[in-house]
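Here is a short briefing on one protein chain. Keep the structure open as you read, and find each residue as it comes up.

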Amino acid sequence: MMHPADLPETVSVFPLPGALLLPRSRLPLHIFEPRYLQMLDDALKTKERLIAMVQPNPSVKDEDKLHRIGCAGRVTQFSETEDGRYLITLTGISRFRVLSELDAFTPYRRCAVSWDGFDRDLGKAEKDNGFDRNAFLTLLERFFSSRQLSTDWDSLKDAEDELLVNSLSMLLDFDPEDKQALLEAPCLRTRRETLVTLIEFAMRGGSNEEKLQ
């Protein structure tokens with residue numbers, strides 16, 4: 001477990017639309033672009049081994065503009081293929097707020113960030129008091145059936161609240177802006193409520209204009 005004092009003031013940024021990383025969750029990534037291969041090599045040379053996931057912000061005219069909130073992950077697994085690509089796993093450490101983008105002498109982007117306001121990310125797994133798991137799983141089963149998806153239902157039923165909600169938030173195929181709403185949820189209960197809203201919305205076949213704001 002990392003402590004606030006261990007978190008750096010600047011981070012290397014991987015701007016990937018639709019990719020969601022949450023604290024204490026794991027995100028597999030396939031790294032092959034030269035600039036991100038360099039970013040990974042540089043990260044592995046540091047004690048923290050952090051890479052920050054931030055989504056581009058399509059609501060801003062500047063196509064390079066980033067969302068203000070992202071999540072940093074520690075490289076906890078990596079393997080190299082014969083042709084020089086990397087398969088890695090990031091374990092979510094903490095969300096952060098982007099303060100500014102730096103004029104970096106690197107092929108990848110770097111940002112100055114603040115970790116203030118995300119203290120719960122560095123603590124123990126969150127609980128969701130009042131979570132009606134049976135109702136949630138019933139809704140999820142209907143959603144999976146409508147999308148012709150399959151899963152290990154026994155594992156879902158046995159999963160802890162945070163693992164269940166966060167894993168589904170990361171894995172289900174929602175639009176990038178909806179993923180951002182899940183990331184920015186202040187607590188597990190709010191994220192679960194947002195997730196339920198998105199699932200119910202998808203099952204109604206809503207249009208893009210009705211997406212969460």
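## Cysteines

C71 is buried, with a relative accessible area of 1%. This is a predicted model. The points below start with the cysteines, move out to the whole chain, and then visit single residues.

- How many disulfides are there in this model? The count comes to zero.
- A disulfide is a covalent bond between the sulfur atoms of two cysteines.
- Why does C71 have no such bond? The closest cysteine sulfur belongs to C111, and it lies 14 Å from the sulfur of C71, too far for a bond. The cut-off for a disulfide is 2.5 Å between the sulfur atoms.
- C187 is in no disulfide either. For C187 the nearest cysteine sulfur is that of C71, 16 Å away.
- C187 is partly exposed, because its relative accessible area is 22%, and partly exposed covers the range between under 20% and over 50%.

## The whole chain

- The protein chain holds six helices and six strands.
- In sequence order, the pattern runs β-β-α-β-β-β-β-α-α-α-α-α.
- The radius of gyration is 18 Å, close to the 17 Å that the globule rule gives for 213 residues, so the chain is as compact as a globular protein of that length.
- The C-alpha trace spans about 50 × 40 × 40 Å along its principal axes.
- Of the 213 residues, 45% count as buried.
- Take the contacts between residues at least 6 apart in sequence: 67% of them join residues at least 24 apart.
- The chain exposes about 12100 Å². Carbon and sulfur atoms supply 48% of that area.
- There are 28 positive and 36 negative side chains. The centres of the two sets lie 3 Å apart.

## Helix α5 and its cover

- Helix α5 spans residues 176-184.
- Which residues of α5 are buried? They are D178, K179, Q180, L182 and L183.
- What covers the buried residues of α5? The cover includes two strands, β4 (69-80) and β5. It also includes the helices α4 (161-171) and α6 (188-204).

## Three buried strand residues

V54 in β3:

- V54 is found in strand β3.
- V54 counts as buried because its relative accessibility is 1%, and buried means under 20%.
- V54 and R68 are 14 residues apart in sequence. In space, they are 8.1 Å apart, C-alpha to C-alpha.
- Leaving out residues up to four places away in sequence, V54 touches V13, F14, P15, L16, L66, H67, I69, G70 and F96.

L27 in β2:

- L27 has its place in strand β2.
- Is L27 buried or exposed? L27 counts as buried, at 11% relative accessibility.
- L27 and G73 are 46 residues apart in sequence, yet their C-alpha atoms are 8.6 Å apart in space.
- Not counting residues up to four places away in sequence, L27 touches L20, L21, M53, I88, T89, L90 and M170.

T89 in β5:

- T89 is found in strand β5, which covers residues 86-101.
- T89 counts as buried, at 12% relative accessibility.
- Which residues does T89 touch, not counting those up to four places away in sequence? They are R26, L27, P28, R74, V75, T76 and Q77.
- The contact with L27 appears in the list for T89, and T89 appears in the list for L27.

## Two arginines with positive phi

R24:

- R24 has a positive phi of about 70°, although it is not a glycine.
- Where is R24? R24 is in the loop between β1 (10-15) and β2 (26-31).
- R24 counts as partly exposed, at 24% relative accessibility.

R49:

- R49 is not a glycine, and its phi is positive, near 55°.
- R49 is in the loop between α1 (34-44) and β3 (50-54).
- R49 is partly exposed, with a relative accessible area of 26%.

Notes: Residues numbered from 1 in each chain as written. Predicted model: local features only at pLDDT ≥ 70, side-chain atom pairs only at ≥ 80, totals over all residues. Heavy atoms only, no water. Helix = DSSP H or I, 4+ residues; strand = E, 2+ residues; numbered from the N terminus. Buried < 20%, exposed > 50% of the residue type's maximum accessible area, 1.4 Å probe, protein only. Rg over C-alpha atoms; globule rule 2.2 N^0.38 Å. Contact = heavy atoms within 4.5 Å. Areas by Shrake-Rupley, 256 points an atom, 1.4 Å probe, with all protein chains shown as cover. Lys, Arg positive; Asp, Glu negative; His and termini not counted. Charge placed at Lys NZ, Arg CZ, Asp CG, Glu CD.
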